[in-house]
Amino acid sequence: MTGRAKQLVAGEAALWARSVEHPFVMATAENTLPEGAFHRWLLADHRFVVEFRRFLAGLITLAPDEPARDVLAGGLTALTPELALFRTQLADRGLSPEGYEPDPACLAYTSFLLASLYNGYDVALAVLYGVEKAYLDAWTAVRERAVVANSPYRSFIDNWSAPVFASYVDELGELLGTGAPSPAQQRAFGEVVRFELLFWDSVHAASAGPLSPRKWTT
Ligand code: MP5
C-alpha cells in the first residue's frame with residue numbers, strides 16, 4: 001500500500017476491521033453460512049457488479065492520463081469473466097437475476113458509486129480503491145481461515161484473493177499517490193466502508209426478506 005492508500009484505510013481502522021471480520025465473512029470461512037444468506041449475496045453482489053462496471057467505465061473517462069487508463073481498463077476487462085462466474089453460479093442454484101429487486105442496501109451502495117463520479121476523479125478513485133480493497137481483505141481472510149480445503153465458495157475466494165487481484169489493488173493504491181488524502185477522499189472512503197458493512201448485514205441478516213422478487217401489481 002502506498003502512502004495515501006494506507007492513510008485512507010488507517011483513517012477507518014475500526015470499521016475496516018468490522019467489515020473484514022463480518023459474521024458473513026467468518027461463516028463463509030467456517031462453512032456455516034446458511035444457504036439463504038449465500039443466495040441473497042449471490043443475487044445482490046451480481047447486481048452490485050453490474051452497476052459497478054458502469055461506475056468503473058465512467059471513471060475511465062475521468063482518468064487524467066494513459067497509465068491510469070491502462071490500470072483501470074485492466075480492472076474493467078476482469079469483470080467479464082467475473083460476471084460470467086456469477087451467472088454460472090446463479091444458474092447452478094436455480095437462481096435468476098431477471099426480476100430480482102435489490103435490497104435497499106445494495107441500491108444505496110450502487111447509487112452512491114455512480115454519484116461519486118460527479119465528485120471528480122480523485123474522489124471516485126478513492127471510492128474504487130475502497131471497494132476493491134474491502135473485497136481483497138475480506139476474501140483473503142476467508143482463504144486464510146477456511147476450515148475445509150474444498151470450500152463451496154472456492155471460485156469466489158480465488159477471484160478476490162488471487163495474487164493478480166492483490167496486484168491490481170496495489171496498482172490502484174499507487175494511482176492514489178502519496179501524501180495525505182483530501183478531506184473529500186477520506187469522507188468518500190469512509191462511506192464505502194459503511195456501505196460494505198451495510199451490504200454484508202443486508203445479505204447476512206436472518207430477518208432479511210424472501211428471495212423471490214416482490215410483485216408490484218396495480
Ligand atoms: C466488491 C464486490 C468488489 N463485488 N461487492 C461488494 C459489495 N464490494 C466490493 O468489486 P469487484 O468488481 O467484484 O472486484
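**Exercise 1. The largest pocket**

How do the residues of the lining of the largest pocket divide into nonpolar, polar and charged? Work out the make-up of this lining, then find which helices build it.

*Solution.* Before starting, note that this is a predicted model, in which local features need pLDDT of at least 70 and side-chain atom pairs count only at pLDDT 80 or more, while totals for chains, interfaces and linings use all residues. Residues are numbered from 1 along each chain as its sequence is written, and side-chain values use heavy atoms, with hydrogens and water left out.

Step 1. Fix the term: on a 1 Å grid over the protein atoms alone, a pocket is an open set of points with protein on both sides within 12 Å along at least five of seven lines, and lining residues have an atom within 4 Å of a point.

Step 2. Sort the lining: 16 residues are nonpolar, three polar and six charged. Here Ala, Val, Leu, Ile, Met, Phe, Trp, Tyr, Cys and Pro count as nonpolar, Asp, Glu, Lys and Arg as charged, and the others, Gly among them, as polar.

Step 3. Look at the centre. Of the 25 lining residues, Leu79, Glu82, Glu132, Trp160 and Phe165 lie nearest to it. The volume of this pocket is about 420 Å³, taken as the space filled by probe spheres set on the grid points, which are joined across faces, edges and corners.

Step 4. Assign the helices, which are DSSP runs (H or I, at least four residues) numbered from the N terminus. At least two lining residues come from each of H4 (35–62), H5 (66–92), H7 (121–145), H8 (154–161), H9 (163–176) and H10 (183–204). H5 gives the largest share, with nine residues.

**Exercise 2. Following H5**

Test the length of H5 against the expected span, then find its kink and its buried residues.

*Solution.* Step 1. The expected span of a helix is 1.5 Å times one less than its number of residues. The 27 residues of H5 should therefore span 39 Å, and the end C-alpha atoms are 40 Å apart, which agrees.

Step 2. Now for the kink: H5 bends by about 25 degrees at threonine 80, shortly before proline 81. The bend at a residue is the angle between axes fitted to the seven residues ending there and the seven starting there.

Step 3. Buried means under 20% relative accessible area, exposed over 50%, and partly exposed in between (1.4 Å probe, protein chains only). The buried residues of H5 include Leu79, Glu82, Leu83 and Phe86. Among the elements covering the buried residues of H5 are H4, H7, H8 and H9.

**Exercise 3. H3 and the residue after it**

Is H3 (23–30) largely enclosed or not, and what is the phi of asparagine 31?

*Solution.* Step 1. Six of the eight residues of H3 are buried, so this helix is largely enclosed by the rest of the structure. They are Phe24, Val25, Met26, Ala27, Thr28 and Ala29.

Step 2. Find the partners: the buried residues of H3 pack against H2 (13–20), H4, H7 and H10.

Step 3. Move on to asparagine 31, in the loop between H3 and H4. Asparagine 31 has a positive phi of about 65 degrees although it is not a glycine. With 34% relative accessibility, asparagine 31 counts as partly exposed.

**Exercise 4. Buried residues and their contacts**

For glutamate 51, alanine 124 and leucine 176, give the helix, the burial and the contacts.

*Solution.* Step 1. Contact means heavy atoms within 4.5 Å; residues up to four places away in sequence are left out of each list below.

Step 2. Glutamate 51 lies in H4 and is buried, with a relative accessible area of 16%. Its contacts are Thr110 and Leu114.

Step 3. Alanine 124 sits in H7 and is buried at 0% relative accessibility. Phe55, Leu59, Ser116 and Leu117 are in contact with alanine 124. Its helix is mostly covered too, with 19 of the 25 residues of H7 buried.

Step 4. Leucine 176 belongs to H9 and, at 4% relative accessibility, counts as buried. The contacts of leucine 176 are Arg4, Ala5, Leu8, Leu125, Ala126, Tyr129 and Gln185. Along the chain, leucine 176 and valine 123 are 53 residues apart, and their C-alpha atoms are separated by 9.6 Å.

Notes. On a 1 Å grid over the protein atoms alone, a cavity is a set of points where a 1.4 Å probe fits but cannot get out, and a pocket is an open set with protein on both sides within 12 Å along at least five of seven lines; lining residues have an atom within 4 Å of a point.
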